[in-house]
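Let's take a walk through this one together. We'll begin at the ligand and then step back to the whole protein.

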Amino acid sequence: MRQVVLPALGTFTVWREAARALAGAGIPAEEVSFTRDATPGLLGQEHSLPPPQRQLRVPRAFLDLAEAVSCHRDGTAHDRLYALLLRLQNAPGLLGDRADPLVDGVQRMEKAVRRDIHKMHAFLRFSALPPGEGGRLRFAAWFEPQHFITERAVPFFAERHREMDFLIATPEMTALWQGERLTFGPPSPRPDLPADGAEALWHTYFVSIFNPARLKVKAMTAEMPRRYWKNLPETSLIPGMIADAPRRAAQMRAALPTIPPAHAVRLAAARRPPPPETYGELPLSETSGTLPLPETPDLKTPGELPPLAEARRQAAVCTRCDLCHHATQTVFGEGPADAELMIVGEQPGDQEDLAGRPFVGPAGRLFDRLAEEVGLSRERAWITNAVKHFKFLPRGKRRLHQRPNGGEIMACRWWLDIERARLRPKLIIGMGATAAEALTGNGKGLTQRRGKLERDTMGAPLLLTWHPSYLLRVPEPQARLAAEREFRSDLVTALDFLRDVA
Ligand code: URA
């Protein structure tokens, strides 16, 4: 029996030379045994090989297959390759025969190695080290592959990150890319890598692509097997996200819009007063999308504006924009007519559209909870929306919320202006970018603007804050809690302001 010991580095090249010589000398597979050098030394051993007696012919596909299989952890991998090499001499089409147990076994090994290389490319995470000479960026990573793939997999990283230096350590060997030169050395124990800012980025990315309603633990662990988890910064979040998924999926289901049942549509129609020809001097538009009315009511003579109850009646048959044709009903503001505080949201959602009242769905319930936590009761405020009809996109039986556009916001400003002019609140809280746009003409930069007092287009004190629907959508629990804290703190600012001006 001939023993060939293959080195840890250059394994395939040494196997190929030895196999070529042995097969060329007609040595049968039963008389050869290949073993991988288990010691950390990388040089392997010298072998005395017989001089070749005949030329070998193998298809190109075999060499690609053999190069991959040579990385397989199974101790019989190289023996099997040698047996296949011999059989190919008499049966050149053998690789196409999946029913052959040897071909099938070797092809499975190839698949396992390719998959392992893919996982290393996908799941290896670099940690930043202090910059090296000349300020060159330096990184290091630890990875535990299943097979002996380090030598084959690392050039991918060198290609991608030519401009930085890096060290990749595995239990098999270390690879160093420095000054655009790749060298390999013996393995080292797992290094203590510093946590850096990239970990936070991985967390954010991972949380934002996680959809609790689509959670399939089996599929997830197939794509990202558990054995890789311990070296991935983002996976520390997985157990928490899986545990929280049913709650978040239920929350998403509760927030799903529905097509209103037929009786709701009939009831809403019956509640609507018959449309009069005109309201005072303001003809109602029969056509949608155009604005025959002045953009704002005559605010210089607020006494001539309809009282709130009348405005509600008029708004019920509003056709100032297209949205009236699809929504179930107008959702006008509600609350005490002498409220000192006015709260403005975006537009009614699915449940508000059916109920005919603002903020009674999931966003409203969250608002009520957070307001109650700081001692604000919604009964003391006039609650309304910038746009009074639900805008949605039908999707099967669902109605998907759509943000109102500038024209729709402008058209509905008519009613918001009447509400503001009639109430003359001491403070307005605008929730979200649409409310900000309707109240100030500028819907941008809520992050910078929230929590501070500004003035609306009528000169009323205005405090902008997050929209409760946004709070419901923040995926990452810590970020959600932080946004809720900001929302509560903005409500406290509002309460303090009202106390000061009382
Ligand atoms: N979102 C809003 O902006 N208003 C509502 O009334 C409900 C949800």
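Ten names are worth finding around the ligand: Gly345, Glu346, Gln347, Pro348, Gly349, Glu352, Pro358, Phe359, Asn385 and His467 surround the ligand. Keep in mind as you look that this is a predicted model. What kinds of residues make up the shell around the ligand? Five of them are polar, three are nonpolar and two are charged.

Now zoom in on the polar atoms. At glutamine 347, a polar backbone atom sits 2.9 Å from a nitrogen atom of the ligand. Phenylalanine 359 also brings in its backbone: one of its polar backbone atoms is 2.8 Å from an oxygen atom of the ligand. With asparagine 385, look at the side chain instead, where an N or O atom lies 2.7 Å from a nitrogen atom of the ligand. And how much of the ligand's accessible area does the protein cover? On its own the ligand has 230 Å² of accessible area, and the protein covers 94% of that.

Time to step back and take in the protein. You can trace 17 helices and 16 strands in it. The protein has 502 residues, and 47% of them are buried. As for what shows on the outside, the protein exposes about 25300 Å², with carbon and sulfur atoms supplying 55% of that area.

One last thing to look at is how the chain meets itself. Take the contacts in the protein with a separation of 6 or more: 73% of them are between residues 24 or more positions apart.

Technical notes
Residues numbered from 1 in each chain as written. Predicted model: local features only at pLDDT ≥ 70, side-chain atom pairs only at ≥ 80, totals over all residues. Heavy atoms only, no water. Helix = DSSP H or I, 4+ residues; strand = E, 2+ residues; numbered from the N terminus. Buried < 20%, exposed > 50% of the residue type's maximum accessible area, 1.4 Å probe, protein only. Contact = heavy atoms within 4.5 Å. Areas by Shrake-Rupley, 256 points an atom, 1.4 Å probe, with all protein chains shown as cover. Near = heavy atom within 4 Å. Polar contact = N/O pair within 3.5 Å; in protein donor to acceptor, adjacent residues only side chain to side chain. Nonpolar A, V, L, I, M, F, W, Y, C, P; charged D, E, K, R; others polar.
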